[in-house]
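Dear colleague,

I am writing to hand over the structure below for your consideration. My findings are set out after it, and I would be grateful if you would read them alongside the coordinates.

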Amino acid sequence: MLRDSKHSSYSSFSTTYRPRETPSSTDNLHDGQHKPEWQNFAGWVNNNAITLDTYLKPEVFLEFCKWLETAPAEVHELNLLSVALNDDAAAALAAMLTQNARLTRLHLTNTTLSQRGVELLADALEKNTGLRALNLSCNEIGDVGVTKLVHALVSNTTLVSLTLNKCSISSAGAKDLAFRLIGHPTLRILELFGNNIGDSGARAMADALKRNASFRVLGMGNNGISAEGAAFLAESLVAAANSNTTLRVLDLEANPIGDDGAESLSVALRNNATLLALNISGIGMGDKGMAAIFAALGNNAALVALLIRDNQVGAAGARALGSMLAKNQHLAALELPACNINAEGVALLCEGMAANTQLRSLNLCGNRFGDAGMASLSKVLMRKVGLGALAIQGCDIGSDGARALSQVLMSSTSLRSLALSGNRIGESEANALAVALGASSCVAEDYFYLGGLGRAAAQGLDMAMQRKSNAVHAYATGENAPPLSVPLHAHKWIDSLTKQYLADPMADTCAGDLHEQRNMPISSSTAAKDL
């Protein structure tokens, strides 16, 4: 579930095509002398997908949908982004879906669908036998539209992923979804970010999870769920006869759960042996909730990725975090951006890291721990083997911290990914970093915007980064280069897991299997920018 874009788990595979304006002399669809460029729909296919984010004349869109009914077999994905669809356009899409069984992904974000348009699409989905992923985010679907969709999808046996982010769904719609779809034979992924299902909607989802044996990913971020709703969800995940044993990813970001809700979730973490990833970013958690979560994770042998951004980690929370890292030998990816972790907190965290052999990815962006905190990090990184990805953007790191980091780059044999922008690094330190980067095995994610750099230093860093990027590209395209595995940050790892379930609905990946895949090989030419 992409946190940068709540719209889709698969949209990054597509390339946008913007039809070029055609002279008025070619506007006639039946002009036998000139074939307009926009009639060559097959030329719009890129990586098995067609993505449009611009207006098409109604008659052109209708012809486009007609072409899609018998489109080439390589067209598997259609993305319409912020393209207004009136009822006639929705009817054309619906007619296409009843004929095309090769299209597997349909992404209709912010397309101003009316209730009639939703009804037309729902009727088509009832008959469709090919679609695996449907994304209707940022449309005013509401509870009425959800009811239409779920009634149609009950008989659909191919859908794997349903994304309804920011669709004005309340608790009533959530209850309908839970009752009708939570036991769907093929549905594995449900994303509901930015709605208003509240505690009663969360309770309906929790009750359904107890009966469910197929769900893998559930996203309910920013839904007005409080500690009461969190308690219901936690109850469905504890080790008991009626608990859920198939859910792998739970996203509760930006819900006002607070310390009380965190304590409820900690009980689930202490007992659950199947949940692999948990996002509790921005839930209003303080020292009390942090201490409970980290204490529970000390003995948890399942969770691989934990996201806790935008919470308040005080001294007690940092101490609990360090203790957890010293005990937990399973957590691979930890994200703590903007958690008010100071230099003292980093020192406590590093005490635990020194005893940890499994953590592969650490994100501390936006915590202003400065050079003192960087000194603590550097000491543990100099002797710790295993950490492969480090994000320390906007951490108020200055000259002393940069020099310490240069020593890490020169000596580390595991660090492969580094994000460093938004710090106070000067020209001489930037030069030293460029030299260290050139001699290291690290791939720089982001050296931009360091601030105050002279031209020579900026060019040196740029050249060092380009050399690393070329090495990544060479390996990604099959040219001769040493194998390189880049650990993903937690949110990227979750996205990759979600895509895995989309590709293989029958996958039942256990914690042990994924634990061995924490260092994921680069597999495309875009890997460098997707770290």
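The notes that follow begin with the chain as a whole, then turn to a set of paired strands, and end with several helices.

Please bear in mind throughout that this is a predicted model.

**The chain as a whole**

The protein chain contains 17 helices and 16 strands. Of its 531 residues, 56% are buried. Its accessible surface amounts to about 20,400 Å², and carbon and sulfur atoms account for 50% of that area. When contacts between residues at least 6 apart in sequence are considered, 85% of them join residues at least 24 apart.

**Strands β2 to β5**

I begin with strand β2 (residues 49-52), which pairs with β3 in the parallel sense over four bridges. Within this pairing, L52 stands opposite L80 of β3. The connection from β2 to β3 passes through helix α1 (residues 58-69), and this β-α-β crossover is right-handed.

Strand β3 comprises residues 77-81 and is joined to β4 by five bridges, the two strands running parallel. Two of the partnerships may be located directly in the model: E77 has R105 of β4 as its bridge partner, and L78 has L106 of β4. Four of the five residues of β3 are buried, so this strand is largely enclosed by the rest of the structure. Together with helix α2 (residues 87-99), β3 and β4 form a right-handed β-α-β unit.

How many of the five residues of strand β4 (residues 105-109) are buried? Five of the five are, and the strand is therefore largely enclosed by the rest of the structure. The side chains are divided between two directions: R105, H107 and T109 point one way from β4, while L106 and L108 point the other way, and all of these residues are buried.

Strand β4 also pairs with strand β5 (residues 133-135), again in the parallel sense, over three bridges. Here the bridge partner of L106 is L134 of β5. L106 is thus a useful residue to select when viewing this region, with L78 of β3 as a bridge partner and L134 of β5 as another. Helix α3 (residues 115-127) lies between β4 and β5 in a further right-handed β-α-β unit.

**Helices α7, α8 and α9**

The axes of helix α7 (residues 227-237) and helix α8 come within 8 Å and cross at roughly 0°. That angle makes α7 roughly parallel to α8. On the α7 side the contact is made by A227, A230, A231, A234 and L237, and on the α8 side by D260, G261, S264, L265 and A268.

Helix α8 (258-271) is also part of the cover over helix α9, as are β11 (305-307) and α10 (315-327); these three are among the elements that cover the buried residues of α9. Which residues of helix α9 (residues 287-297) are buried? They are G289, M290, A292, I293, F294, A296 and L297.

Yours sincerely,

A colleague

How values were computed. Residues are numbered from 1 along each chain as its sequence is written. This is a predicted model: local features need pLDDT of at least 70, side-chain atom pairs count only at pLDDT 80 or more; totals for chains, interfaces and linings use all residues. Side-chain values use heavy atoms; hydrogens and water are left out. Buried means under 20% relative accessible area, exposed over 50%, partly exposed in between (1.4 Å probe, protein chains only). Two strands pair if DSSP finds at least two bridges between them. A crossover is right-handed if, with the strands pointing away from the viewer, the path from the first strand over the helix to the second runs clockwise. Contact means heavy atoms within 4.5 Å. Accessible areas come from the Shrake-Rupley method with a 1.4 Å probe; for residues, only the protein chains shown count as cover. Axes are lines fitted to C-alpha atoms, for helices over the stretch in contact, and angles run from 0 to 180 degrees between N-to-C directions. Angles under 35 degrees count as roughly parallel, over 145 as roughly antiparallel, 65 to 115 as roughly perpendicular and the rest as oblique.
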